[in-house]
Amino acid sequence: MNKESQTMPKSQKTRNLSFHEYVKDVESSMRPSLGFSAKHKKSFPLWRQDVRKKVTELFGDMPTRKVAPRVKVIEQRSVGSYIRRKIVFDVESNFSIPAYLLIPKGLKKNRSAPAILALHGHGRGKRDICRIDTDPRVLQQFIRPLRYDYAHRFANDGYVVLAPDARGFGEISDLTCTEMYTTMTLLGKTVVGIRVWDAMRAVDVLVSQPEVDPKRLGCTGLSWGGTHTMYTTLTDKRIKTACVSGYFSDIKDVLIDYPQCPCQYLPGLRKFVDFPDIMGAIAPRPLLIQNGDIDALYCVEIVQEEFKKVAEIYKAARASDKVALDLFYGAHEYNYETAVEWFRRWL
Ligand SMILES: [Zn+2]
């Protein structure tokens, strides 16, 4: 025993100067108070209601009323098998969202077509998932590595697709994610909350299209688009099925071991739930979770372990056949083939 430890209180024998280790230590000592457990199996609907209520509270202050979307078509183009409209619509009295609306040619205006709300990840916003650019260099740099043009592909496969910009991206990126996070937090709001509000207003616009069957609505996205899909699907019950791509593990793996962009953090979230709980609270609506097995952002073993928890929750909801993990050979990218198969099956 050295001289110093003889004179120090027991609790101070080992000093830690790593703040990251400190954060991990705090996290490991916390059990989420609404985490799903065996005791919730018989009261699944009540548990789900509690999770939804808590997550919605953590969104912070949301707009108190809906405004008329006042959809305006900015331009319209024929793109192969579909018509692409650039539109803008209001989400608050003082804010509007630009989007692309893709409508397959030949659809009847009889409210029968399936529709997809396609949400983009970090990057250049809606333009890349809609494959606006045709320059091979742009395709090679921004789209092919992520197999990112899912909005375009769903439209080619007969779905009416709405792809809005999320605040902080594309045409509405005058503040960065970090600037948005700090200002929103200061004002009692969160970036996640306002983006979910905007996505729900996008659903309003999508289901009002004369071609769309409002009962055949899906939601999907990669990376932040996966996060956006998870929270929006949890909140908006009009979404019948979802595919969350490149955003599943536990909070420690995704946000604490590898700290990421602040825009996706909800203050206090880990005190109450972890990601498998949020995904599970989507039950019994069909949910596909995709992760590339060489995606450097997530640990495959943890993804598989945490998915068991989601499956357990779906079992409690008597919906075991409505949840699946698509662990495919790939990096941080979208696996379109299994996603479209999922939507064909459930929409
Ligand atoms: Zn961000």
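Is Arg 147 buried, partly exposed or exposed, judged by the C-beta neighbours inside 10 Å? In this predicted model, Arg 147 has 18 such neighbours and therefore counts as partly exposed, since a residue is called buried at 20 or more and exposed at 12 or fewer. The residue sits in the loop that links α5 (136-143) with α6 (150-156). Its backbone deserves a look as well: Arg 147 is not a glycine, yet its phi is positive, at about 45°.

A second arginine invites the same kind of inspection. Arg 318 is found in the loop between α13 (300-316) and β9 (323-328), and its phi, near 55°, is again positive in a residue other than glycine. Here the count is 11 C-beta neighbours inside 10 Å, so Arg 318 is classed as exposed. As background for both arginines, most residues other than glycine have a negative phi, and most peptide bonds are trans.

The second half of that background leads to the loop between α12 (275-280) and β8 (287-292), where Pro 284 is found. The peptide bond joining Ala 283 to Pro 284 is cis, with an omega of about 10°.

From the loops, the description turns to the interior. The largest nonpolar core contains 94 residues. Leu 102, Leu 117, Ala 118, Ala 151 and Val 161 are the members with the most contacts inside this core. Leu 102 can serve as a guide to its surroundings: leaving aside residues up to four places away in sequence, Leu 102 touches Tyr 82, Arg 84, Cys 130, Ala 151, Ala 155, Val 160 and Val 161. Two of the residues just named, Ala 151 and Val 161, are thus both partners of Leu 102 and among the core members with the most contacts.

Of the elements that contribute to the core, α8 supplies the largest share, 10 residues. Helix α8 (residues 191-207) also packs against another helix, α9 (residues 224-235): their axes come within 9 Å and cross at roughly 65°. The two helices are therefore roughly perpendicular to each other, and α8 passes α9 in a right-handed crossing. On the α8 side, the meeting residues are Val 192, Arg 195, Val 196, Ala 199 and Met 200, while α9 brings His 228, Tyr 231, Thr 232 and Thr 235. By type, the residues of this contact comprise 5 nonpolar, 3 polar and 1 charged.

How values were computed. Residues numbered from 1 in each chain as written. Predicted model: local features only at pLDDT ≥ 70, side-chain atom pairs only at ≥ 80, totals over all residues. Axes fitted to C-alpha atoms, helices over the stretch in contact; angles between N-to-C directions. Helix = DSSP H or I, 4+ residues; strand = E, 2+ residues; numbered from the N terminus. Parallel < 35°, antiparallel > 145°, perpendicular 65-115°, else oblique. Left-handed = near helix turned anticlockwise from the far one by under 90°. Contact = placed C-beta atoms within 7 Å. Nonpolar A, V, L, I, M, F, W, Y, C, P; charged D, E, K, R; others polar. Core = buried A, V, L, I, M, F, W, Y, C linked by C-beta atoms within 7 Å.
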